[in-house]
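Student: Could you take me slowly through one part of this model, namely the charged side chains and the places where they meet or gather? I am new to the structure, so please explain each term as you go.

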Amino acid sequence: MSAKIKEKIDASIEGKLKNLYQLQLIDSKIDKLRTIRGELPLEVSDLEDTVAGLETRLANVTEEVAELENQLNEKKQNIKDFQANIKKYEAQQNKVRNNREYDAITKEIEFQNLEIQLAEKRTKEAKASIVIKGELLEKSKIEFEERSKDLKAKKSELEEIIAETEKEEKELSKDSEQASSTIEDRLLNAYKRIRANSRNGLAVVAVERDACGGCYNKIPPQRQLDIRLNKKIIVCEHCGRVLVDGMLIPDSGLEDVEKEAAKKAAAEK
């Protein structure tokens, strides 16, 4: 292989590493912005589900109370009707002509009294249920109001954070797309795969103090020399991240992001 061809290949590899490193820098900044939002989107979503569930419960309990009140009014009316029937039958008893008619009317009066007893029992049950449902309704209303206030506060907090970071995130997302377009599909897919499998979202890391900037495992001196030469793409044998020379993009600021993300990942272990 001629010296010119070798030099061209080496330059191409260095360019690929620079592009990957630059993409990582941009994506890490996006990750940092999203970290600021933290668990707020999930909290808002959970509260929305809770409020919706409470709203449904309120509607259901209100409907049940209304149904019980209808039943109560119906039983009260039934009792009045049965009592009116008893008076009618008692008046008929005074006009009967034989024992058979008297016994038949007596049975009807007994039956009406049994119906009154049953209606009174159902009335008591309905009243007790209305009390229980009323207490549940009151508790649900209080909980609904509290959760609604929480939801409003969390939404407001999230909206403020989004308003502060949305513009920057959109610009960084465009930068990320542009940077991705400079990287061949094979490398880009590998980069995305490594990022997806990494807790801290780092797929490309610099060598720090003779160790991988992602997992902090030591890197042999010869391997470090190969990394500094930028003549081939080298991955960490422990975590699989792409290793680059920290000076590949001077003053990139990615090292600080790597340290912060790696510390967080180490703390979660």
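Tutor: What follows looks at the charged side chains along one helix and its partners, and then turns briefly to the sheet.

This is a predicted model, in which local features need pLDDT of at least 70 and side-chain atom pairs count only at pLDDT 80 or more, while totals for chains, interfaces and linings use all residues. Residues are numbered from 1 along each chain as its sequence is written, and side-chain values use heavy atoms, with hydrogens and water left out.

Let us begin with helix 3, which covers residues 99-180; helices here are DSSP runs of H or I with at least four residues, strands are runs of E with at least two, and both are numbered from the N terminus. A useful starting point is the salt bridge, which is a side-chain nitrogen of Lys or Arg within 4 Å of a carboxyl oxygen of Asp or Glu. By that rule the model has 14 salt bridges, and three of them can be followed from helix 3 to another helix.

One of these joins the side chains of Glu169 and Arg34, with N and O 2.9 Å apart. Glu169 belongs to helix 3 and Arg34 to helix 1 (residues 3-37), so that distant parts of the chain, 135 residues apart, are linked by this pair. The two ends have their own surroundings: Glu169 is buried because its relative accessible area is 12%, whereas Arg34 is partly exposed at 43%. In these terms, buried means under 20% relative accessible area, exposed means over 50%, and partly exposed lies in between, using a 1.4 Å probe and protein chains only.

A salt bridge also connects Lys155 with Glu48, where the closest N and O atoms are 3.4 Å apart. Since Lys155 sits in helix 3 and Glu48 in helix 2, this contact ties together parts that are 107 residues apart in sequence. Here Lys155 counts as partly exposed, with a relative accessibility of 33%, and Glu48 is partly exposed with 35%.

The pair of Glu143 and Arg57 is a further example, with its closest N and O atoms 3.8 Å apart. Glu143 is in helix 3 and Arg57 in helix 2, and 86 residues separate them along the chain. Glu143 is partly exposed, at 28% relative accessibility, and Arg57 is partly exposed as well, at 35%.

Besides these pairs, the model also contains a salt-bridge network that links Lys16, Glu184 and Arg186.

We can now turn to charges that gather on the surface. A patch is built from residues with over 30% relative accessible area and no salt bridge, with like charges joined within 9 Å. Glu157, Glu159, Glu160 and Glu164 make up a negative patch of this kind. Glu159 is one of the residues of helix 3, and it counts as exposed because its relative accessibility is 53%.

A patch of positive charge is formed by Lys76, Lys80, Lys124 and Lys127, and helix 2 (40-93) and helix 3 (99-180) are the elements that give two or more residues to it. Lys76 lies in helix 2, where it counts as partly exposed with a relative accessibility of 41%.

For comparison, a few words on the sheet. Four strands form an open sheet in the order 2-1-4-3, with mixed pairing, and strands are taken to pair if DSSP finds at least two bridges between them. Its edges are strand 2 (211-212) and strand 3 (234-235), each of which pairs on one side only. Strand 1 (residues 204-208) is parallel to strand 4 (residues 242-244), and three bridges join them; among the partners across this pairing are Ala206 with Val244 and Val205 with Leu243. Towards strand 2, strand 1 runs antiparallel and is joined by two bridges, with Val207 facing Cys212 as its bridge partner. These two strands form a hairpin with two residues between them, and Arg209 in the turn has a positive phi of about 50°. Strand 1 is largely enclosed by the rest of the structure, because four of its five residues are buried.

Key
Patch = residues over 30% accessible without salt bridge, like charges linked within 9 Å, V, L, I, M, F, W, Y side chains within 5 Å. Areas by Shrake-Rupley, 256 points an atom, 1.4 Å probe, with all protein chains shown as cover. Lys, Arg positive; Asp, Glu negative; His and termini not counted. Charge placed at Lys NZ, Arg CZ, Asp CG, Glu CD.
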